[in-house]
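Below are my notes on the model you sent, set out as numbered points. Please read them with the structure open beside you.

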Amino acid sequence: MPSPTAIESRSVSFKYANQSVLTDITFSIGAGELVALIGPNGSGKTTLLKILLGFLPPSAGSVTLGAKPLSSYAPKERAKQIAYVSQQPQLSFPLTAFQLVSLGRYPHGPRGRLSSVDKLAVETALGHTDAMNLSERNFNTLSGGEKQKVLIARALAQSARILLLDEPTLHLDLYYQLQILTALKNLCREQGIAVITVLHDVNLVSLFADKALLLSDGSLRAFGPVAEVVTEASIRELLGVEMKAIDNDQTGARYFVPQQPFSR
Ligand code: ADP
């Protein structure tokens, strides 16, 4: 049985001033799906996330959240539904990691007071990203990778049904890349959360994502199950890179190995 729709983009287009950045983007993402957003730099990935989040209004088309248009949600109600981890390694906050993650609870209650439910949500989020040991550290003194884990925990603490992430594995070493993606995958499987994440590493896409959205020049080139849409041919066309696909028949996993010369 198909899972209920979590978020839907219908014929969405967007322009910055006169520059067209997204054109006629249509897709629908179900609860519990982990979707990778792939495309070259400047293809419109961040802009699309900002539209799905309600930060930018589409110039044409619409986004639907559950059964209602995104535009009909008040900001606090929207924040209960969608959480976002942006790509901002330079962020600084004069707060401890615990206090920063607590900010994720803002849609759920009065400012400044944490209920026992809030506290549990914060601790659970820090546990999911293996950042509990950073709780009392000043956020500004953390490394890029540690900051990233705390920012992801803040989004998880929001208890939203949809998580949007812009390159969440940036700054993380391989161990933590795998750990964060495993945590996201578990949230999808166990709690039916829908995740849309920008990912540049096609091997991580292949290992973790259920579906992929391929974007170039602001147009959707393909959307569907990863095994169908992430192929040698689509990677060559999308990213201008020659990759050899190697299938492991026993596990069903597919690996991509870069080939020389690059065609870009
Ligand atoms: P990606 O995330 O795929 O790298 P973006 O969505 O950031 O792509 O950008 C898509 C296009 O929109 C790029 O050409 C970029 O220069 C342009 N763009 C992004 N933000 C702005 C802005 N605030 N004002 C004008 N143009 C922008």
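1. In this predicted model, Asp247 has Arg254 of β12 as its bridge partner. The two strands concerned, β11 (residues 243-247) and β12 (residues 254-258), pair in the antiparallel sense over 5 bridges. They form a hairpin with 6 residues between the strands, and in that hairpin Gly252 takes a positive phi near 80 degrees.

2. A second hairpin is formed by β1 and β2, here with 2 residues between the strands, and Ala17 in the turn has a positive phi of about 50 degrees. The two strands run antiparallel and are joined by 8 bridges, and across this pairing Phe14 stands opposite Leu22 in β2.

3. The hairpin of β1 and β2 belongs to an open sheet of 4 strands, whose order is β2-β1-β4-β5 and whose pairing is antiparallel. At the edges of this sheet are β2 (19-30) and β5 (68-69), each of which pairs on one side only. Between β1 and β4 there are 5 bridges in the antiparallel sense, with Ile7 standing opposite Leu65 in β4. Leu65 also has a bridge partner in β5, namely Lys68, and the antiparallel pairing of β4 (residues 60-65) with β5 extends over 2 bridges.

4. Which helix lies across β1, β2 and β4? It is α1 (residues 45-53), and its direction runs at about 60 degrees to that of β2.

5. The other open sheet to consider has 6 strands in the order β6-β7-β8-β3-β9-β10, and its pairing is mixed. Its edges are occupied by β6 (82-85) and β10 (219-225), each with a single partner strand, so that one side of each is left without a neighbour in the sheet. From one strand to the next, the twist averages 15 degrees.

6. Within the sheet of 6 strands, β3 (residues 34-38) and β9 (residues 211-216) run parallel and are joined by 4 bridges; Leu37 stands opposite Leu213 in β9. Helix α9 (residues 232-239) packs on this sheet, where it touches β3, β9 and β10, and the direction of α9 makes about 35 degrees with that of β9.

7. For the packing of helices, the pair to examine is α4 (residues 116-128) and α5 (residues 144-157), which pack at an angle of about 135 degrees with their axes 8 Å apart. Because angles over 145 degrees count as roughly antiparallel and those of 65 to 115 as roughly perpendicular, this angle makes α4 oblique to α5. The crossing in which α4 passes α5 is right-handed. On the α4 side the contact is made by Ala121, Val122, Ala125, Leu126 and His128, and on the α5 side by Ala153, Leu156 and Ala157. By class, the residues of this contact divide into 7 nonpolar, 1 polar and no charged.

8. How many salt bridges does the model contain under the rule applied? The count comes to 9, and one pair among those formed is that of Asp118 with Arg105, whose closest N and O atoms are 2.8 Å apart. Asp118 lies in helix α4 and Arg105 in the loop between α3 (97-102) and α4, so this pair ties together parts that are 13 residues apart in sequence. As a general point, side chains of opposite charge can pair when their charged atoms come close.

How values were computed:
Residues are numbered from 1 along each chain as its sequence is written. This is a predicted model: local features need pLDDT of at least 70, side-chain atom pairs count only at pLDDT 80 or more; totals for chains, interfaces and linings use all residues. Side-chain values use heavy atoms; hydrogens and water are left out. Axes are lines fitted to C-alpha atoms, for helices over the stretch in contact, and angles run from 0 to 180 degrees between N-to-C directions. Angles under 35 degrees count as roughly parallel, over 145 as roughly antiparallel, 65 to 115 as roughly perpendicular and the rest as oblique. A crossing is left-handed if the near helix is turned anticlockwise from the far one by less than a right angle, and right-handed if clockwise. Contact means heavy atoms within 4.5 Å. Ala, Val, Leu, Ile, Met, Phe, Trp, Tyr, Cys and Pro count as nonpolar, Asp, Glu, Lys and Arg as charged, and the others, Gly among them, as polar. Two strands pair if DSSP finds at least two bridges between them. A salt bridge is a side-chain nitrogen of Lys or Arg within 4 Å of a carboxyl oxygen of Asp or Glu.
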